[in-house]
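Here is a short tour of one protein chain, written to be read with the model open beside you. We will start with charged pairs, move on to a strand pairing, and finish at a pocket.

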Amino acid sequence: MSDLRDRLRRRGWRMTAQRRVVAEVLDGEHVHLTADEVLARAAARLPEISRATVYNTLGELVSLGEVSEVTTDGRAKRYDPNAHRPHQHLVCSDCGAVRDVHPGGDPLADLPDSERFGFLVSEVEMIYRGRCPDCARD
């Protein structure tokens with residue numbers, strides 16, 4: 001489970017009501033919401049929250065390195081609070097559901113020197129695609 005709120009408190013991040021509700025919406029496992037989804041959930045808890053506040057807060061969280069921006073479908077960015085735990089993503093090709101996965105092995109080590117073309121590789125992004133159990137039933 002994400003510990004986003006605890007991490008932000010330890011950093012001394014000023015926790016206004018608006019920031020708190022955005023952090024609460026993002027807290028948890030397998031959370032990969034778009035900015036509009038964050039806004040809708042935040043507004044359900046705090047109706048006076050504005051779109052600008054949500055977008056600015058997401059931008060701050062990304063700048064702080066507390067939330068990662070993830071693009072899995074070439075469209076909307078999604079926000080992942082599990083920025084401090086290395087992981088990959090499993091995406092449903094039908095409904096777009098996203099889950100964090102932790103495959104074994106070291107993807108950096110799996111890339112042979114002959115395929116690095118002189119790059120000093122520092123990180124790997126992999127996306128596993130398939131059909132979730134709900135979509136596979138249909």
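## Salt bridges, a hairpin and a pocket

The structure holds 15 salt bridges. Please keep in mind that this is a predicted model. Side chains of opposite charge can pair when their charged atoms come close. Three of these pairs are set out below.

| Salt bridge | Closest N to O |
|---|---|
| Asp 6 and Arg 9 | 3.4 Å |
| Arg 78 and Glu 37 | 3.5 Å |
| Arg 116 and Asp 113 | 3.9 Å |

Let's take the pairs in turn. Asp 6 and Arg 9 both sit in helix α1 (residues 4-11), and because they are 3 residues apart there, about one helical turn separates them. Asp 6 is partly exposed, with a relative accessible area of 41%.

The salt bridge between Arg 78 and Glu 37 links distant parts of the chain: Arg 78 belongs to strand β3 (residues 78-80) and Glu 37 to helix α3 (residues 35-45), 41 residues apart. Arg 78 counts as buried because its relative accessibility, 16%, falls under the 20% cut-off. Glu 37, at 32% relative accessibility, counts as partly exposed.

In the third pair, Arg 116 counts as buried at 19% relative accessibility, whereas its partner Asp 113 counts as exposed at 67%. Elsewhere, salt bridges that share partners tie Asp 3, Arg 7, Arg 10, Arg 11 and Glu 66 into one network.

Next, have a look at strands β4 and β5. They run antiparallel and are joined by 4 bridges; one of the contacts to find on screen pairs His 89 with Asp 100 of β5. The hairpin has 5 residues between the two strands, and Gly 96 takes a positive phi near 85 degrees in it.

Which residues of β5 form its covered face, and which its uncovered one? In this strand (residues 98-101), Val 98 and Asp 100 make up the covered face, while Arg 99 and Val 101 make up the uncovered one. In a regular strand the side chains alternate between the two faces of the sheet.

Last comes the largest pocket, which holds about 600 Å³ of space. Its lining comprises 27 residues, and His 87, Gln 88, Glu 123, Val 124 and Glu 125 lie nearest the centre. By class, the lining has 12 polar, 9 nonpolar and 6 charged residues. At least two lining residues come from each of β2 (68-70), β4 (88-92) and α5 (107-110), and β2 gives the most, with 3 residues.

Technical notes. Residues numbered from 1 in each chain as written. Predicted model: local features only at pLDDT ≥ 70, side-chain atom pairs only at ≥ 80, totals over all residues. Heavy atoms only, no water. 1 Å grid on protein atoms, 1.4 Å probe; cavity = no way out; pocket = protein on both sides within 12 Å on 5 of 7 lines; lining within 4 Å. Points joined across faces, edges and corners; volume = space filled by probe spheres on them. Nonpolar A, V, L, I, M, F, W, Y, C, P; charged D, E, K, R; others polar. Buried < 20%, exposed > 50% of the residue type's maximum accessible area, 1.4 Å probe, protein only. Pairing = 2+ DSSP bridges. Salt bridge = Lys/Arg side-chain N within 4 Å of Asp/Glu carboxyl O.
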